[in-house]
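Reader: I would like a close look at one part of this model, the ligand site. Please keep to what can be computed from the atoms.

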Amino acid sequence: MKKIQVITLFPEMFDGVLNASMLWKAQEQKAVEFRMVNLRDFGLGPRKRVDDTPYGGGDGMLLMPEPLFAAVKDAKTYDPTAKVVIMTPRGQRWKQSLAQEWSDSETGYIFICGRYEGYDERILTVVDEQVSVGDYVLTGGELPAMTIIDSIVRLIPGVLGGENSAAIESFSDGETLEFPQYTKPADFKGMKVPEVLLSGNHAQIAKWRENNSAKVEK
Ligand code: SAM
């Protein structure tokens, strides 16, 4: 069973996403186990402080090293061989081939969600991977972590059901986007499903789908 842990100040953000649809099913099937590590539990002093101002000046606050290191230590005690991943716009861009690789590997993952203006750089000494979900800035690492977790877990064999579903999806071969799809009715307010898809001719359907699959822009 794959172990996925998340270090976050907002564990409640994950409740709806991890407990619905495929991610819920994956837990039921014991394909994955999620564990939330609340960074606040490792905060300093009576007010459980987790952030402070940056040396050298500048706007905003940074996550302090002490709570972050303690939270990683806690997560590592639970899963000593897990890889530590930090969410950051500076990281390598997430993509389908990485989702497949991380899904296939036996390793567990510990996702650190940054907040405020980010985190004290020294945490990188215990981080294995830095990952970005794209060239834009979000308020915290929680949405990126959820995106990455979803893309990994749905690829664990048995989770999606139809084992071919993932194999024919967009990006699965690194080059092609999925063809357009239609369901009933065949005629919706005059908008008709392409005739070839109703023909039952599998060779022609395959050709049409190939011709209508766009290429990934590199
Ligand atoms: N000051 C940082 C910068 O300019 O790169 C942005 C900090 S952002 C407001 C707070 C946190 O959200 C980051 O530390 C990171 O964990 C997460 N985050 C924001 N955008 C992200 C992205 N595109 N990919 C991954 N994580 C992101």
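Which backbone N or O atom lies 2.8 Å from a nitrogen atom of the ligand? Please describe the surroundings of the ligand as well.

Author: The atom belongs to Tyr136: a backbone N or O atom of this residue lies 2.8 Å from a nitrogen atom of the ligand, a polar contact being a pair of N or O atoms within 3.5 Å. The protein covers 84% of the 580 Å² of accessible area that the ligand has on its own, with areas taken from the Shrake-Rupley method with a 1.4 Å probe. This is a predicted model, in which local features need pLDDT of at least 70 and side-chain atom pairs count only at pLDDT 80 or more, while totals for chains, interfaces and linings use all residues. Residues are numbered from 1 along each chain as its sequence is written, and side-chain values use heavy atoms, with hydrogens and water left out.

Two further backbone contacts involve Val133 and Gly134. A backbone N or O atom of Val133 lies 3.1 Å from a nitrogen atom of the ligand, and for Gly134 the distance from such a backbone atom to a ligand nitrogen is also 3.1 Å.

Around the ligand there are 20 residues, each with a heavy atom within 4 Å of it. Tyr136 is among the closest, together with Met87, Gly114, Glu117 and Leu138. By type, the shell holds 10 nonpolar, 8 polar and 2 charged residues. Here Ala, Val, Leu, Ile, Met, Phe, Trp, Tyr, Cys and Pro count as nonpolar, Asp, Glu, Lys and Arg as charged, and the others, Gly among them, as polar.

As for strands, which are DSSP runs (E, at least two residues) numbered from the N terminus, β5 (83-93) and β7 (129-132) each supply at least two residues of the shell. The largest share, 3 residues, comes from β5.

In the wider chain, an automatic or database domain assignment gives domain 1 (2-153) and domain 2 (175-218). Their C-alpha centres lie 39 Å apart.

Note on methods: Polar contact = N/O pair within 3.5 Å; in protein donor to acceptor, adjacent residues only side chain to side chain. Helix = DSSP H or I, 4+ residues; strand = E, 2+ residues; numbered from the N terminus.
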